[in-house]
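User: Please take a close look at one loop in this model and at the elements on either side of it. I would like a connected account that starts from a residue in that loop and then places its surroundings within the whole chain.

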Amino acid sequence: MAEPDSGRSRPRRRGQGELEAQVLSVLREAPGPATAGWVLDRLDGGLAYTTVITILTRLHAKEAVTRERSGRSFTWQASSDEAGLAALRMRRVLDGERDREAVLASFVTALPPDDERLLRELLDREADAPDGR
């Protein structure tokens, strides 16, 4: 009878979104569209192929990656960086609220002064953009 493997520690559990960020980082380093196997080969942690497919599918649903049919599989490409993914999450939260003005007002008034100043600068820059945005 084999002895239990009590001397080994379990792998560290990743924080929410950490694996998505790692997959996005790998895809951004790719020379072009990449397969899930290519992504898996570049990730640490002994992940299963199905785990990588699940993460890529979730990122696709969040519009953070694009995919294109390649034979019976897909190739994947990052359509967003980490900042873009965070912005998408923020927009989704905002889209789920009935009173957008109240949510935005509450968000802005809760910002630290340096973040509020930065947000104002970014809004002014967008207003002055030649495309009229």
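Analyst: Ala48 is a convenient place to begin, as a residue of the loop that runs between H2 and H3; the model is a predicted one, and what follows should be read with that in mind. With a relative accessible area of 37%, Ala48 counts as partly exposed, because this value falls between the 20% limit for buried residues and the 50% limit for exposed ones. Looking back along the chain, Gly37 is 11 residues away from Ala48, and the C-alpha atoms of these two residues are separated by 10.0 Å.

Past the loop, Thr50 is a residue of helix H3. Its relative accessibility is 54%, so Thr50 counts as exposed. Gly37 can again serve as the reference point: Thr50 is 13 residues from Gly37 in sequence, and the C-alpha to C-alpha distance of this pair is 10.0 Å.

The two helices that flank the loop also take part in the largest nonpolar core, which has 19 residues. Helix H1 (18-29), helix H2 (36-42) and H3 each supply at least two residues of this core, and H1 gives the most to it, with 5 residues. The members that touch the most other members are Val23, Leu27, Val39, Leu43, Val52, Leu56 and Leu59. As background, nonpolar side chains tend to be buried together in soluble globular proteins. Leu43 offers a view of this core from one residue: when residues up to four places away in sequence are set aside, Leu43 touches Gln22, Val23, Val26 and Val52. Val23 and Val52 are thus partners of Leu43 that also appear among the best-connected members of the core.

A charged residue of H1 deserves a careful look alongside this nonpolar group. Glu20 lies in helix H1, and Glu20 counts as buried because its relative accessibility is 9%, where the limit is under 20%. Apart from residues up to four places away in sequence, Glu20 touches Ile55, Arg58, Leu59, Lys62 and Leu85. One of these partners, Lys62, is also joined to Glu20 through the side chains, by a polar contact of 2.9 Å. Another partner of Glu20 is Leu59, which belongs to the core members with the most contacts to other members.

Following H3 to its far end leads to another loop, the one between helix H3 (49-61) and strand E1 (65-70), where Glu63 is found. The phi angle of Glu63 is near 65°, a positive value in a residue other than glycine. Glu63 has a relative accessibility of 54% and therefore counts as exposed, in contrast to Glu20, which counts as buried at 9%.

Beyond E1 comes strand E2 (residues 73-78), in which Thr75 has its place. Thr75 counts as buried, because its relative accessibility is 16%. Leaving aside the neighbours within four places in sequence, Thr75 is in contact with Pro33, Ala34, Thr35, Thr66, Arg67, Glu68 and Ser70. One of these contacts, Arg67, has a further role to note: its charged end sits over the ring of Phe74, at 4.3 Å from the ring centre. Arg69 likewise lies over the face of Phe74, with a distance of 4.3 Å from the ring centre.

Farther along, Val103 is found in helix H5 (residues 100-110), and Val103 counts as partly exposed, at 29% relative accessibility. Val103 is in contact with Leu94 and Glu97 once its neighbours within four places in sequence are left out. Val93, 10 residues from Val103 in sequence, is 9.7 Å away from Val103 between C-alpha atoms.

Seen as a whole, the protein chain has 6 helices and 2 strands, which follow one another from the N terminus as α-α-α-β-β-α-α-α. Of its 133 residues, 20% count as buried, and the chain exposes about 10300 Å², with carbon and sulfur atoms supplying 50% of that area. Among the contacts with a separation of 6 or more, 44% come from residues 24 or more positions apart. The structure also holds 1 aromatic pair.

How values were computed. Residues are numbered from 1 along each chain as its sequence is written. This is a predicted model: local features need pLDDT of at least 70, side-chain atom pairs count only at pLDDT 80 or more; totals for chains, interfaces and linings use all residues. Side-chain values use heavy atoms; hydrogens and water are left out. Helices (H or I, at least four residues) and strands (E, at least two) are DSSP runs, numbered from the N terminus. Buried means under 20% relative accessible area, exposed over 50%, partly exposed in between (1.4 Å probe, protein chains only). Contact means heavy atoms within 4.5 Å. Accessible areas come from the Shrake-Rupley method with a 1.4 Å probe; for residues, only the protein chains shown count as cover. Rings of Phe, Tyr and Trp (its six-membered ring) pair if their centres lie within 6.5 Å; planes under 30 degrees apart count as stacked, over 60 as edge-to-face and the rest as tilted. A charge sits over a ring if NZ of Lys or CZ of Arg is within 6 Å of the ring centre and within 35 degrees of the ring normal. A nonpolar core is a set of buried Ala, Val, Leu, Ile, Met, Phe, Trp, Tyr and Cys residues joined through side-chain atoms within 4.5 Å. A polar contact is a pair of N or O atoms within 3.5 Å; within protein, one must be able to donate a hydrogen and the other to accept it, and residues adjacent in sequence count only if both atoms are side-chain atoms.
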